[in-house]
Amino acid sequence: MEEEILRIYNNFSINNLDTFFDELISYVNKYDSIFLKYTSLEYLDAIKKLDSKNLILGHSDDNFEIAIPFYMNQINKGLNEEELSNQVASLIWDLSAYMTDEECPSCHDSNLRLTITASKTSQIIKFCDECLYTGINGKRVDIEDDLIPASKSIVKSYLKD
Ligand SMILES: [Zn+2]
């Protein structure tokens, strides 16, 4: 499991995020029984179906050229199965959850990302990575479901309005 993710990370190129992302998703599919220990089935099923073709990748303030070597270093120092699963899941999130220019109204520490619920409505929910704020149409709401990245078509329709 470790050698394989290191190989994927080693092939990272900022100019080819699509291939990199799809390799991460294939990795989750291959080791889904391990990921399932640390996430809900509904969330995992949604993540396993993510496809670079249907997403806008890399639109955030994350610097992946710094993050990937840092992640590789963490693995080389020794991560357990849960830490490794969480690292991959958070990388998938950072790559694919579209970050808007809108600052979080609650903590002001991060910009809001566009997400939908894993149960697949097209209702856009804005989400803050820092304080876990969730909002619909500018109002704070409590969401019970797991959130997944909004698809390219949902992001595009949001940007048009
Ligand atoms: Zn916040």
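User: Where is the place of Leu132?
Analyst: This is a predicted model. In it, Leu132 sits in the loop between strand S3 (125-127) and strand S4 (134-136).

User: Is Leu132 buried or exposed?
Analyst: Exposed. Leu132 has a relative accessible area of 57%, and the cut-off for exposed is over 50%.

User: What about the phi of Leu132?
Analyst: The phi is positive, about 65°. Leu132 has that value although it is not a glycine.

User: Which other residue that is not a glycine has a positive phi?
Analyst: Asn137 is one of them, with a phi of about 50°. Asn137 is in the loop between S4 and strand S5 (139-140).

User: And is Asn137 buried or exposed?
Analyst: Asn137 counts as exposed, because its relative accessibility is 72% and exposed means over 50%.

User: Back to Leu132. How many Å apart in space are Leu132 and Cys104?
Analyst: They are 9.6 Å apart, C-alpha to C-alpha. In sequence, 28 residues separate Leu132 and Cys104.

User: Now the metal. What coordinates the zinc ion?
Analyst: Four cysteines do, each through SG: Cys104, Cys107, Cys128 and Cys131. The coordination is at 2.3 Å.

User: What spacing do the donors follow along the chain?
Analyst: The donors of the zinc ion follow C-x2-C-x20-C-x2-C.

User: And why is the site of the zinc ion tetrahedral?
Analyst: The angles among the four donor atoms are 105 to 115°. Four donors count as tetrahedral if all angles lie between 85 and 135 degrees, so the site of the zinc ion qualifies.

User: Of those donors, is Cys104 buried or exposed?
Analyst: Buried. Cys104 is at 0% relative accessibility, and buried means under 20%.

User: Then what about Cys107?
Analyst: Cys107 is partly exposed, with a relative accessible area of 21%. Partly exposed is the range between the buried cut-off, under 20%, and the exposed cut-off, over 50%.

User: Changing topic. What volume does the largest pocket have?
Analyst: The volume of the largest pocket is about 210 Å³.

User: Which residues line the largest pocket?
Analyst: Leu132 is one of them. The others are Thr39, Ser40, Tyr43, Trp93, Phe127, Thr134, Ile143, Asp145, Asp146 and Leu147.

User: How many are nonpolar, polar and charged?
Analyst: By class, the lining has six nonpolar, three polar and two charged residues.

User: Where does the largest pocket lie, and why there?
Analyst: The largest pocket lies between domain 1 (2-96) and domain 2 (99-160), because both domains give residues to the lining.

User: What about Ile148? Where is its place?
Analyst: Ile148 is in strand S6, residues 147-149. Ile148 is buried, with a relative accessible area of 5%. Ile148 and Thr117 are 5.9 Å apart in space, C-alpha to C-alpha, and 31 residues apart in sequence.

User: Over to the helices. Where is Asn10 found?
Analyst: Asn10 is found in helix H1, residues 2-10. Asn10 is exposed, with a relative accessible area of 57%.

User: How many residues apart in sequence are Asn10 and Ile68?
Analyst: They are 58 residues apart in sequence. In space, Asn10 and Ile68 are 8.3 Å apart, C-alpha to C-alpha.

User: Last one: where is the place of Thr19?
Analyst: Thr19 is in helix H2, residues 17-30. Thr19 counts as partly exposed, at 39% relative accessibility. Thr19 and Phe70 are 51 residues apart in sequence and 20 Å apart in space, C-alpha to C-alpha.

How values were computed: Residues numbered from 1 in each chain as written. Predicted model: local features only at pLDDT ≥ 70, side-chain atom pairs only at ≥ 80, totals over all residues. Heavy atoms only, no water. Helix = DSSP H or I, 4+ residues; strand = E, 2+ residues; numbered from the N terminus. Buried < 20%, exposed > 50% of the residue type's maximum accessible area, 1.4 Å probe, protein only. Donors = N, O, S within 2.8 Å, 3.2 Å for Na, K, Ca; no water. Tetrahedral: all angles 85-135°; square planar, octahedral: opposite > 155°, others 65-115°. 1 Å grid on protein atoms, 1.4 Å probe; cavity = no way out; pocket = protein on both sides within 12 Å on 5 of 7 lines; lining within 4 Å. Points joined across faces, edges and corners; volume = space filled by probe spheres on them. Nonpolar A, V, L, I, M, F, W, Y, C, P; charged D, E, K, R; others polar. Domains from an automatic or database assignment.
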